[in-house]
Amino acid sequence: MTTIYIIDNVNNTKESKMEFKRKKIKDYDGYEIDTLGTVYSNKGKDPNRKLKPRVVSQGGYHQVSLYNGISNRPKQLLLHRLVYETFIGDIPTGLQVDHIDDDKHNNEVENLQLLTATQNMKKAWDRRGRSEIKPIIKDWLSKGYERKFIVDNLGVSHSYVSKIANGKR
């Protein structure tokens, strides 16, 4: 079952209204999640208690701890994957959930898409501008610039410059 909510701020203008949906989380009784990425616990005294996600240091993604009723230990779930699976569907093997705007804290369903690992890596490289730097590195290498000079002036690693020089990138 999906519940639809409308948030309306003080201005009461059309632009200030935002609609979001809230659904039960599959395999986790007593928990719901909305399309904005907020997780609710229906357990305890407050039936609509918002769970505070924590940031996983490895990668900076939000994570929540949920009990599935089978184990006494909570399961750690990545919030962006939970939103995607709840509102869009299963994540096929070999695909990753990507944040379209590159903000790992923006877990709204409209901000999530599936990419292959290769596409996700390319997107990260493009975001950092490395794909634009590669032709410059090739040009500087062909002109005889020292690798250390290239590393120091372009802010790339020695290994990246070496791979380009050796034709591996």
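These exercises walk through parts of a predicted model.

**Exercise 1. Trace the salt bridges of Lys-123**

Task: Find which residues form salt bridges with Lys-123, and say which parts of the chain these pairs tie together.

Solution.

Step 1. Start with the total. Searching the whole structure gives four salt bridges.

Step 2. Take the Asp-98 partner. A salt bridge joins the side chains of Asp-98 and Lys-123, with a distance of 2.6 Å from N to O. Asp-98 belongs to strand E9 (residues 95–99) and Lys-123 to helix H2 (residues 117–128), so this pair ties together parts 25 residues apart in sequence.

Step 3. Take the Asp-102 partner. Here the closest N and O atoms of Lys-123 and Asp-102 are 3.2 Å apart, and the two residues form a salt bridge. Asp-102 sits in the loop between E9 and strand E10 (112–116), while Lys-123 is in helix H2, so parts 21 residues apart in sequence are tied together.

Step 4. Combine the two. Asp-98, Asp-102 and Lys-123 are linked in a network of salt bridges.

Step 5. Check the burial. Buried means under 20% relative accessible area. Asp-98 has 5%, so Asp-98 is buried. Lys-123 has 18%, so Lys-123 is buried as well. Asp-102 has 31% and counts as partly exposed.

Side chains of opposite charge can pair when their charged atoms come close.

**Exercise 2. Compare the ends of another salt bridge**

Task: Work out whether Asp-139 is buried, partly exposed or exposed, and do the same for its salt-bridge partner Lys-143.

Solution.

Step 1. Establish the pair. Asp-139 and Lys-143 form a salt bridge, and their closest N and O atoms are 3.1 Å apart.

Step 2. Recall the upper cut-off. Exposed means over 50% relative accessible area.

Step 3. Apply the cut-off. Lys-143 has 57% relative accessibility, so Lys-143 is exposed. Asp-139 has 31%, so Asp-139 is partly exposed.

**Exercise 3. Lay out an open sheet**

Task: Give the order of the strands in the open sheet that contains E7, and name its edge strands.

Solution.

Step 1. Write the order. The three strands run E6-E7-E8, with antiparallel pairing.

Step 2. Find the edges. Strand E6 (54–55) and strand E8 (75–78) each pair on one side only, and these are the edge strands.

Step 3. Look at one pairing. E6 and strand E7 (residues 62–66) run antiparallel and are joined by two bridges. Arg-54 stands opposite Gln-63 in E7.

Step 4. Add the helix. Helix H1 (residues 79–87) lies across E7 and E8. Its angle to E8 is about 75°.

Strands of a sheet pair through backbone hydrogen bonds, either parallel or antiparallel.

**Exercise 4. Classify the ring pairs of Phe-149**

Task: Decide how the rings of Trp-140 and Phe-149 are arranged, then do the same for Tyr-145 and Phe-149.

Solution.

Step 1. Note the total. The structure has three aromatic pairs.

Step 2. Take Trp-140 with Phe-149. Their ring centres are 5.7 Å apart and their planes meet at 40°, so this pair is tilted.

Step 3. Take Tyr-145 with Phe-149. The centres are 5.3 Å apart, with 15° between the planes. Planes under 30 degrees apart count as stacked, and this pair is stacked.

Step 4. Join the pairs. Trp-140, Tyr-145 and Phe-149 are linked by ring pairs into a cluster.

Step 5. Add the exposure. Phe-149 is partly exposed, with a relative accessible area of 36%. Tyr-145 is also partly exposed, at 36%.

**Exercise 5. Describe two residues in strands**

Task: For Glu-32 and then for Ser-41, give the strand, the burial and the surroundings.

Solution.

Step 1. Place Glu-32. Glu-32 lies in strand E3 (residues 31–34). Its relative accessibility is 13%, so Glu-32 counts as buried.

Step 2. Find its polar partner. The side chains of Glu-32 and Arg-22 share a polar contact of 2.5 Å.

Step 3. Look further out. Beyond its neighbours within four places in sequence, Glu-32 contacts several residues, among them Lys-24, Ile-25, Val-39 and Tyr-40.

Step 4. Place Ser-41. Ser-41 is part of strand E4 (residues 39–41). With a relative accessible area of 2%, Ser-41 is buried.

Step 5. List its surroundings. A polar atom of the Ser-41 side chain lies 3.2 Å from the backbone nitrogen of Lys-43. Not counting residues up to four places away in sequence, Ser-41 touches residues including Gly-30, Tyr-31, Pro-47 and Leu-51.

Technical notes. Residues are numbered from 1 along each chain as its sequence is written. This is a predicted model: local features need pLDDT of at least 70, side-chain atom pairs count only at pLDDT 80 or more; totals for chains, interfaces and linings use all residues. Side-chain values use heavy atoms; hydrogens and water are left out. Helices (H or I, at least four residues) and strands (E, at least two) are DSSP runs, numbered from the N terminus. Buried means under 20% relative accessible area, exposed over 50%, partly exposed in between (1.4 Å probe, protein chains only). A polar contact is a pair of N or O atoms within 3.5 Å; within protein, one must be able to donate a hydrogen and the other to accept it, and residues adjacent in sequence count only if both atoms are side-chain atoms. Contact means heavy atoms within 4.5 Å. Two strands pair if DSSP finds at least two bridges between them. Axes are lines fitted to C-alpha atoms, for helices over the stretch in contact, and angles run from 0 to 180 degrees between N-to-C directions. Rings of Phe, Tyr and Trp (its six-membered ring) pair if their centres lie within 6.5 Å; planes under 30 degrees apart count as stacked, over 60 as edge-to-face and the rest as tilted.
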